[in-house]
Amino acid sequence: MSDDQSYSPEVPFERIKVRVSAVVFCGNEVALLRRDRPSNIHLFTTIGGNVFSGEPLDAALSRELEEELALALGVGTEPELLWLMDVRVTRPGNTPSPRKLHLIYRLHVSADVRRALATHEFDKLAEGGHEVGYVQWIDYRQAAGLPLFPPMGAAFARLASPTARPSTVELPAVTDNEYSWI
């Protein structure tokens with residue numbers, strides 16, 4: 001690697017991370033995590049997280065579904081890659097933000113399976129303690145009006161049904177011009 005191509009951890013978006021997430025449907029509703037912020041502001045996120053170094057994508061997706069929903073792969077439909085999103089958004093904190101490639105999978109569960117799933121999850125915070133994420137089932141067509149990260153609510157709203165194929169797999173890239181972290 002030449003000097004002009006070397007890695008510098010102080011430069012935002014120089015590191016690339018991969019995040020797997022799942023949009024888990026039960027009928028017309030999709031499971032999202034609601035994270036409560038000060039001043040009664042809510043941030044919604046998809047079920048998922050970062051892929052560990054060397055971890056296969058399917059193993060990462062399985063791990064995240066189990067951690068956040070207590071959902072084992074094979075209980076619902078086979079996950080299918082629905083969307084890919086390139087995100088370069090500055091996050092709060094002192095660490096330079098990575099560029100993240102979001103691989104968004106879709107699967108469906110029955111009402112019986114849904115009743116047995118987790119209702120909340122705990123994310124460890126860097127400064128100690130936990131942040132609670134509450135699982136909320138929301139009609140997927142209403143996602144366009146939510147503060148959702150990754151910001152794919154409009155793509156949800158364009159789906160003709162929970163099983164419809166999207167018109168494109170690659171969603172528009174997201175930068176600080178289109179999104180501000182809550």
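**Figure 1. Helix α1 and its surroundings in the predicted model**. Helix α1 covers residues 57-69, and because each of its 13 residues is expected to advance 1.5 Å, the helix should span 18 Å, which agrees with the 18 Å that separates its end C-alpha atoms. Buried positions in α1 are Ala60, Leu61, Arg63, Glu64, Leu65, Glu68 and Leu69. An α-helix has 3.6 residues a turn, so residues three or four places apart point the same way. The cover over the buried residues of α1 includes the strands β1, β2, β4 (47-50), β6, β7 (120-124) and β8 (130-139). Just after α1 comes Ala70, whose phi is positive, at about 60°.

**Figure 2. The largest nonpolar core**. This core holds 25 residues, of which Val23, Val30, Trp83, Leu148, Met152, Phe156 and Tyr179 touch the most other members. At least two residues of the core come from each of β1 (16-26), β2 (29-37), β3 (41-45), β5 (80-88), β9 (148-149) and α3 (153-158), and β5 gives the most, with four residues. When residues up to four places away in sequence are not counted, Met152 touches Val23, Thr46, Trp83, Met85, Ile104 and Leu171. Another core, of 21 residues, lies apart from the largest one, and Ala31, Leu33, Leu107 and Trp137 are among its residues.

**Figure 3. Strand β5 and its partners β6 and β10**. Strands β5 and β6 (residues 99-108) run antiparallel and are joined by seven bridges, and in this pairing Leu81 has Tyr105 of β6 as its bridge partner. With strand β10 (residues 174-175), β5 pairs in the parallel sense over two bridges, and here Arg88 stands opposite Thr175 of β10.

**Figure 4. Aromatic pairs and an aromatic cluster**. The model contains four aromatic pairs. One of them joins Phe25 and Phe156 in an edge-to-face arrangement, with 6.3 Å from centre to centre and 75° between the planes. Because Phe25 lies in strand β1 and Phe156 in helix α3, this pair ties together parts that are 131 residues apart in sequence. Phe25 and Phe156 are both buried. Phe149 and Tyr179 form a tilted pair, with 5.0 Å from centre to centre and 50° between the planes. Since Phe149 belongs to strand β9 and Tyr179 to the segment after β10, the pair ties together parts that are 30 residues apart in sequence; both of these residues, Phe149 and Tyr179, are buried. A single aromatic cluster is formed by Phe25, Trp83, Tyr140 and Phe156.

**Figure 5. The environment of Leu107 in strand β6**. Leu107 has a relative accessibility of 2% and therefore counts as buried, the cut-off for buried being under 20%. Leaving aside residues up to four places away in sequence, Leu107 touches Ala22, Val23, Val24, Phe25, Leu65, Leu71, Thr77 and Pro79. Between Leu107 and Thr119 the separation is 12 residues in sequence and 18 Å in space, taken from C-alpha to C-alpha. Leu107 is also one of the residues of the core of 21 residues that lies apart from the largest nonpolar core.

Notes
Residues numbered from 1 in each chain as written. Predicted model: local features only at pLDDT ≥ 70, side-chain atom pairs only at ≥ 80, totals over all residues. Heavy atoms only, no water. Core = buried A, V, L, I, M, F, W, Y, C linked by side-chain atoms within 4.5 Å. Buried < 20%, exposed > 50% of the residue type's maximum accessible area, 1.4 Å probe, protein only. Contact = heavy atoms within 4.5 Å. Pairing = 2+ DSSP bridges. Expected span 1.5 Å × (residues − 1). Phe/Tyr/Trp six-rings, centres within 6.5 Å; stacked < 30°, edge-to-face > 60°.
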